[in-house]
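Thanks for coming, everyone. Please have a look at the sequence and the structure on the screen, and then I will walk you through one helix and a few aromatic side chains.

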Amino acid sequence: MHYLDHAATTPIVPEAKAALLAFLDGDFGNPASVHAYGRAARRGVEDAREQVAAAIGASPAEITFTAGGTEADNLAIKGVGTKLGGNGNHVVTSAFEHHAVLHSVEHLQDGGFQVTVVEVGSDGLVDPRRIGDAVRRDTILVSVMAVNNEIGTVQDMAAIVAAAKDANRSTLVHSDAVQALGNIPVDVHRLGVDLASFSAHKLGGAKGVGALFVRSGVPVAAQLHGGGHERGLRSGTLNTPGVAAFGAAAEVAAEEVHAKSERLLKLRDRLLEGVRAAVPDVVVNGTLDARVPGNLNVSFPGASGETLLLLLDAAGIACSSGSACQSGALDPSHVLLAIGLPPRLADASIRFSLGRASSEEDVRAVLDALPEAVERARKAA
Ligand SMILES: Cc1ncc(COP(=O)(O)O)c(C=O)c1O
């Protein structure tokens with residue numbers, strides 16, 4: 001099998017697996033317990049907090065562990081909404097956010113908030129000026145993703161933050177950076193964001209673990225209530241093995257990001273070159289100029305992406321059509337529609353996403369299988 005679906009999830013890296021097993025079996029204590037078992041587990045959590053903080057340029061006190069990227073997005077958006085609702089009731093986001101953001105914003109809207117959804121350019125980029133224009137005196141929060149999960153486009157978050165803050169100094173900016181960490185260097189303070197979401201399984205950690213960066217002093221209301229864990233921001237016993245693995249994975253990801261980027265960019269370009277040679281009318285979705293190195297999202301006019309996905313799977317190639325986060329949904333991807341693709345072309349899309357273990361052989365396997373698969377998928381459409 002050839003795995004080209006790293007934007008859906010990544011295999012665990014050895015360092016993270018070792019950390020996971022150490023806290024699953026040996027140091028199994030509850031990190032809230034005062035005895036030696038608890039203290040060992042607590043150390044694991046706090047070491048991981050330092051590792052995750054270091055990987056994103058934050059301080060450990062600014063990291064709150066969650067049960068994944070979805071929960072981090074929910075905590076950021078609903079948490080700020082709950083806390084600052086009295087100061088204003090307007091929220092700004094973009095049209096191609098992950099559903100964890102879009103649906104959290106809709107939840108605020110159901111509760112009486114006003115929402116402005118900013119359009120995305122056909123290049124897959126959010127124009128900072130549109131953000132500046134959308135921010136009002138009563139805007140409490142802007143949420144724009146750092147890297148899109150389907151087309152891999154990288155937003156100019158520093159410019160987006162600057163535009164939002166120029167329009168209203170007290171507006172907070174959240175970024176879903178789930179697809180950024182491990183793919184591009186991330187420094188939350190350089191970007192200027194107030195809140196940012198991360199997910200361990202996208203960078204070689206385990207599923208069901210994430211983190212929310214909350215810049216020191218930024219007000220967020222807890223969305224899970226109970227024993228007051230995570231400084232009262234997120235109650236519930238932490239997934240200690242998963243958190244320890246997240247720390248190890250984040251450290252590896254930060255160390256390797258530059259070398260990995262260079263390697264993946266070459267592989268991705270070779271893949272694109274081969275795809276263009278095999279299927280000349282292929283359409284690349286989103287700009288190639290500001291995109292994570294491992295992502296290639298393309299449409300094959302006249303083919304069904306679903307059929308193509310199944311044919312490639314039968315040929316031993318794992319990739320994705322639309323977003324795996326909405327598995328089961330056959331509607332055209334909201335991301336591709338947001339960048340202006342007609343529904344038929346959105347339906348004809350495939351996302352290849354390369355990662356740490358991707359190789360020349362993976363690219364070759366795709367290029368070997370693709371011409372026949374596209375021809376058959378076109379006949380079946
Ligand atoms: C951009 C983005 N945000 C949020 C999520 C959700 O993360 P998790 O799977 O950890 O809940 C994903 C996962 O696909 C994602 O790609």
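Let me begin just after helix H4, where glycine 112 takes a positive phi of about 110°. Please keep in mind throughout that this is a predicted model.

Going back into the helix itself, H4 runs over residues 99-110, and at 1.5 Å a residue its 12 residues should span 16 Å, which agrees with the 16 Å between its end C-alpha atoms.

Which residues of H4 are buried? They are Ala100, Val101, Leu102, Ser104, Val105 and Leu108. An α-helix has 3.6 residues a turn, so residues three or four places apart point the same way. As for their surroundings, the buried residues of H4 pack against two helices, H3 (69-84) and H10 (334-338), and against the strands E3 (90-94), E4 (114-118), E5 (139-143) and E6 (172-176).

Now to the aromatic rings, where the count comes to 2 pairs. In one of them, phenylalanine 28 and tyrosine 37 have ring centres 5.4 Å apart and planes at 45°, and because that angle is neither under 30 degrees nor over 60, the pair is tilted. Phenylalanine 28, at 53% relative accessibility, counts as exposed, while tyrosine 37, at 48%, is partly exposed.

The other pair, phenylalanine 65 with phenylalanine 246, is edge-to-face, with 6.1 Å centre to centre and 65° between the planes. This pair links distant parts of the chain, since phenylalanine 65 sits in strand E2 (residues 63-66) and phenylalanine 246 in helix H8 (residues 240-278), 181 residues apart. Are these two rings buried or exposed? Phenylalanine 65 is buried, at 0% relative accessible area, and phenylalanine 246, at 0%, counts as buried too.

Key
Residues numbered from 1 in each chain as written. Predicted model: local features only at pLDDT ≥ 70, side-chain atom pairs only at ≥ 80, totals over all residues. Heavy atoms only, no water. Helix = DSSP H or I, 4+ residues; strand = E, 2+ residues; numbered from the N terminus. Expected span 1.5 Å × (residues − 1). Buried < 20%, exposed > 50% of the residue type's maximum accessible area, 1.4 Å probe, protein only. Contact = heavy atoms within 4.5 Å. Phe/Tyr/Trp six-rings, centres within 6.5 Å; stacked < 30°, edge-to-face > 60°.
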